[in-house]
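Colleague: Please take a close look at the sheet in this model. I should like a connected account of how its strands are arranged and what surrounds them.

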Amino acid sequence: MSSGLFGGSELAVTVRRLLLLRHAKSSWDDRDLADHTRPLALRGRTAAQTMGQFIKSQGLMPDRVLSSDSCRTRQTAEIVLGIQDRMPSVEWLAGLYLASAWQILTIIGEQGGTASSLLVLGHEPGIGVLANVLAGTGNDAERAAMKKKFPTTSLAIIEFRIDRWLEIAVGEGQLIRFVRPRDLAA
């Protein structure tokens, strides 16, 4: 703590890390399946393993995970988290299925809890729009790539200087990294 201009002390602000992950590529082999029940394609399983290895190698394992309850997001989460050294708390939320950016933001505020690192796994366009509106600063090239397209299994890592997830605000995050599976394959 340091002394403020008027002799008071300033409160330390916590850095919280938000990981926004789009589900891996789903299979369209059975056109009769409802959207919610579509599983991952083989390509999606491979990309989820690649992203899981990246998360592990970078020490990005979150304290808490909020995931859509669709089949493809569950399978993506299971693959990504199955590679990690420890299992975080996971909540499967129907409200994240095809949620808008604003719905996701509300869920983060309500469900983020005390996690210093939170992974949210969902769908387009909500995940991509949210990443773009939250990341007010960061690497310009990665922000431009993220704005252009948020492909399946892509991950945006955004940090905030906030005490609680309810304080998250548009444009106040710093994009630390935007990673696509093709970036990791190169």
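Modeller: Strand β1, residues 15–22, and strand β6, residues 155–161, run antiparallel and are joined by seven bridges. Within this pair, V15 of β1 faces R161 of β6. The model is a predicted one, and the description that follows should be read accordingly.

The two strands belong to an open sheet of seven strands with mixed pairing, ordered β3-β2-β4-β1-β6-β7-β5. Its edges are formed by β3 (89–93) and β5 (135–138), each of which pairs on one side only. On average, neighbouring strands of the sheet are turned by 25 degrees against each other, direction ignored.

Helices pack against this sheet. Helix α3, residues 101–111, touches β1, β2 (64–68), β3 and β4 (117–122). The direction of α3 makes about 145 degrees with that of β2. Helix α5, residues 140–148, lies across β5, β6 and β7 (173–179), and runs at about 70 degrees to β7.

Several loops that connect these elements carry notable backbone geometry. Most residues other than glycine have a negative phi, and most peptide bonds are trans. In the loop between β3 and α3, L98 has a positive phi of about 55 degrees although it is not a glycine. L98 is partly exposed, its relative accessible area being 47%. The loop between α5 and β6 holds T153, whose phi, near 65 degrees, is likewise positive in a residue other than glycine. T153 has a relative accessible area of 0% and is therefore buried, the limit being under 20%. A cis peptide bond leads from E124 to P125, with omega near 5 degrees; P125 is placed in the loop between β4 and α4 (126–134).

As for the setting of the sheet, the protein chain comprises six helices and seven strands. From the N terminus on, these elements follow the order β-α-β-α-β-α-β-α-β-α-β-β-α. The radius of gyration of the chain is 17 Å, close to the 16 Å given by the globule rule for 186 residues, so the chain is as compact as a globular protein of that length. Its C-alpha atoms fill a box of roughly 65 × 35 × 30 Å along the principal axes. Of the 186 residues, 48% are buried. Among contacts between residues at least 6 apart in sequence, 76% join residues at least 24 apart. The chain exposes about 9400 Å², of which carbon and sulfur atoms supply 51%.

Definitions and conventions:
Residues numbered from 1 in each chain as written. Predicted model: local features only at pLDDT ≥ 70, side-chain atom pairs only at ≥ 80, totals over all residues. Heavy atoms only, no water. Pairing = 2+ DSSP bridges. Helix = DSSP H or I, 4+ residues; strand = E, 2+ residues; numbered from the N terminus. Axes fitted to C-alpha atoms, helices over the stretch in contact; angles between N-to-C directions. Contact = heavy atoms within 4.5 Å. Rg over C-alpha atoms; globule rule 2.2 N^0.38 Å. Buried < 20%, exposed > 50% of the residue type's maximum accessible area, 1.4 Å probe, protein only. Areas by Shrake-Rupley, 256 points an atom, 1.4 Å probe, with all protein chains shown as cover.
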